[in-house]
Amino acid sequence: MRLCPFIALIAALAWAAPSSGVTPAQQAELVGGTVLTQRGPGVGGFSGLYLDADGTGFIALSDRGALVRGTIRRAGDGRILGARLGPMVPLLAANGRPMPPGQADSEGLAVGPDGTIFIAFEGQGRVEARAGLAAVPRILPVDPSFRRFPPNRGLESLAIARDGALYALPEDAPLADG
């Protein structure tokens, strides 16, 4: 059994913003936490988390090439009472088969307004777009600077701006221009 402290930490800090949006003056609020465990192939640690707007559903990304949907059970005041994970879904390669371990160093996760799932990979720096958990990926154009990242220092995180721009963040900024 592998404990996933990342997901426990994120879940502990999770705060569902009101549907009207979050203002710069609002801050995350500690509402509780839970420890999630998961067994099986493709489970290392969870490296990415997308939390639904209502704060009860999530998608988590394993750093070994798998996705999982889950739900957070909350009290009326927002406190986290527990969580449940669905089955792990291995990331598929472009050929429709499960991604080989050498290509599956999945680190960053973002979900677009239309539900598109974006995943950043550290080892072979790239970002993929998927229509769903078990969908075949569409590989986004690779920025030439991704090839200059040192081993195991590539893309770690993704973020989507309000205007839809996708930002990929490296573990380090090893390039002369930052």
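Q: Which residues does glutamate 107 touch, leaving out those up to four places away in sequence?
A: A contact list like this tells you what surrounds a side chain once sequence neighbours are set aside. In this predicted model, glutamate 107 touches Ser47, Gly48, Leu61, Asp63, Ala120, Glu122, Leu155 and Glu156. The residue itself lies in strand β8, which covers residues 106-111.

Q: What is the nearest side chain of opposite charge to glutamate 107, and how far away is it?
A: For a buried charge, look for a partner and check the distance; a salt bridge here needs the side-chain nitrogen within 4 Å of a carboxyl oxygen. Glutamate 107 is buried but has no salt bridge. Arginine 64 is the nearest oppositely charged side chain, and it's 9.0 Å away.

Q: OK, what about nonpolar cores? Which residues have the most contacts inside the largest one?
A: The general idea: in soluble globular proteins, nonpolar side chains tend to be buried together. In this structure the largest nonpolar core has 13 residues, and Ile59, Leu67, Leu91, Leu109, Ile117 and Ile119 have the most contacts inside it. Two or more residues come from each of β4 (57-62), β8 and β9 (117-121). The largest share, three residues, is from β9. There's also a second, separate core of ten residues, with Ala120, Phe149, Leu155 and Leu158 among them.

Q: Can we zoom in on one core residue? What does isoleucine 59 touch beyond four places in sequence?
A: Quite a list: Gly48, Leu49, Tyr50, Leu67, Val68, Arg69, Leu109, Val111, Ile117 and Leu133. Of these, Leu67, Leu109 and Ile117 are also named for having the most contacts inside the largest core.

Q: Is alanine 129 buried or exposed?
A: Relative accessible area is the number to read, with buried meaning under 20%. Alanine 129 counts as buried because its relative accessible area is 3%. You'll find this alanine in strand β10, residues 126-130.

Q: And how far apart are alanine 129 and threonine 116, in sequence and in space?
A: Compare the two separations: they're 13 residues apart in sequence and 6.4 Å apart C-alpha to C-alpha. Thr116 is also on alanine 129's contact list, along with Ile117, Phe118, Val136, Pro137, Arg138 and Leu140.

Q: Zooming out, how many helices and strands are there?
A: One helix and 13 strands. Along the sequence, the pattern opens β-α-β, and strands follow from there. Of the protein's 178 residues, 42% count as buried. For contacts between residues at least 6 apart in sequence, 44% join residues at least 24 apart. The protein exposes about 9900 Å², with carbon and sulfur atoms supplying 55% of it.

Note on methods
Residues numbered from 1 in each chain as written. Predicted model: local features only at pLDDT ≥ 70, side-chain atom pairs only at ≥ 80, totals over all residues. Heavy atoms only, no water. Helix = DSSP H or I, 4+ residues; strand = E, 2+ residues; numbered from the N terminus. Buried < 20%, exposed > 50% of the residue type's maximum accessible area, 1.4 Å probe, protein only. Lys, Arg positive; Asp, Glu negative; His and termini not counted. Contact = heavy atoms within 4.5 Å. Core = buried A, V, L, I, M, F, W, Y, C linked by side-chain atoms within 4.5 Å. Areas by Shrake-Rupley, 256 points an atom, 1.4 Å probe, with all protein chains shown as cover.
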